Every structure is written in structure tokens, then in C-alpha cells.
Amino acid sequence: VVVVAHWTLSRALRPLRDLQAGVARLSEGDLEVAVEARSRDELGALTRAFNDMVRRVRDMVRARDQLL
């Protein structure tokens, strides 16, 4: 039972760990980060919003660099 519960919980939390890793990479300055949206639920929506945010930040940085 413990092994099955651990496996199930680990699998359920994978999208959160992936998103956390993406946030960490973004905070380190990696503007090429993208997190795979594995589901169509709230976590998937949050992941897609994160990817959209990264894309907009990357576009703004590129526009700033071109302006300067």
C-alpha cells in the first residue's frame, strides 16, 4: 500500500515539480525555459500561463535590447 501510495503521489505531483524547476530556471535568467503542460486541468492552465509569461518576458527583453 505504501509503495502504491508513494508512486501515485509522486506521479500526481510531477507537474508541480516541473513548474517549480521552470520557475527556478527563469529566476536564474534562463529565458528559453518551457514547461510541458501535461493536463487540461488547473495545473495545465497554470503551466500554459507560465509559458506565455516567459514568452512575453523574452519578447520584451529582445525588444529592449534592439532599442538600446
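**Figure 1. Salt bridges in the predicted model.** The structure holds six salt bridges, and the model shown here is a predicted one. Three of the pairs are described in the close-ups that follow: Arg 38 with Asp 18, Arg 58 with Glu 32, and Asp 52 with Arg 55.

**Figure 2. Close-up of the salt bridge between Arg 38 and Asp 18.** The two side chains meet with an N to O distance of 3.0 Å. Arg 38 belongs to the loop between H1 and helix H2 (42–67), whereas Asp 18 belongs to helix H1, so this pair ties together parts that are 20 residues apart in sequence. Arg 38 is partly exposed, because its relative accessibility is 45%. Asp 18 also falls in the partly exposed class, with a relative accessibility of 25%.

**Figure 3. Close-up of the salt bridge between Arg 58 and Glu 32.** The closest N and O atoms of this pair are 3.9 Å apart. Arg 58 is placed in helix H2 and Glu 32 in the loop between H1 and H2, so the bridge ties together parts that are 26 residues apart in sequence. Arg 58 has a relative accessible area of 15% and is therefore buried, the limit for that class being under 20%. Glu 32, in contrast, counts as exposed at 52% relative accessibility.

**Figure 4. Close-up of the salt bridge between Asp 52 and Arg 55.** Here the closest N and O atoms lie 2.7 Å apart. Both residues are in helix H2, and the three residues that separate them in position correspond to about one turn of the helix. Asp 52 is partly exposed, with a relative accessible area of 32%, and Arg 55 is partly exposed at 39% relative accessibility. Elsewhere in the model, salt bridges that share partners join Glu 32, Arg 58 and Arg 62 into one network.

**Figure 5. Close-up of a nonpolar surface patch formed by Leu 9, Leu 13 and Leu 16.** Together these three leucines present about 250 Å² of accessible area. Leu 16 is located in helix H1, which covers residues 2–27. With a relative accessible area of 40%, Leu 16 is partly exposed. A residue needs over 30% relative accessible area to be part of a patch, and the 40% of Leu 16 is the value to compare with that cut-off. Further along the chain, Asp 65 is 49 residues from Leu 16, and the C-alpha atoms of the two are separated by 32 Å.

**Figure 6. Overall view of the protein, with two helices and zero strands.** The radius of gyration is 16 Å, well over the 11 Å that the globule rule gives for 68 residues, so the protein is more spread out than a compact globule. Along the principal axes, the C-alpha trace spans about 60 × 25 × 10 Å. Of the 68 residues, 18% are buried. Among contacts with a separation of 6 or more, 42% are between residues 24 or more positions apart. The accessible surface comes to about 5,500 Å², and carbon and sulfur atoms account for 59% of this area.

Key
Residues numbered from 1 in each chain as written. Predicted model: local features only at pLDDT ≥ 70, side-chain atom pairs only at ≥ 80, totals over all residues. Heavy atoms only, no water. Patch = residues over 30% accessible without salt bridge, like charges linked within 9 Å, V, L, I, M, F, W, Y side chains within 5 Å. Areas by Shrake-Rupley, 256 points an atom, 1.4 Å probe, with all protein chains shown as cover. Salt bridge = Lys/Arg side-chain N within 4 Å of Asp/Glu carboxyl O. Helix = DSSP H or I, 4+ residues; strand = E, 2+ residues; numbered from the N terminus. Buried < 20%, exposed > 50% of the residue type's maximum accessible area, 1.4 Å probe, protein only. Rg over C-alpha atoms; globule rule 2.2 N^0.38 Å. Contact = heavy atoms within 4.5 Å.
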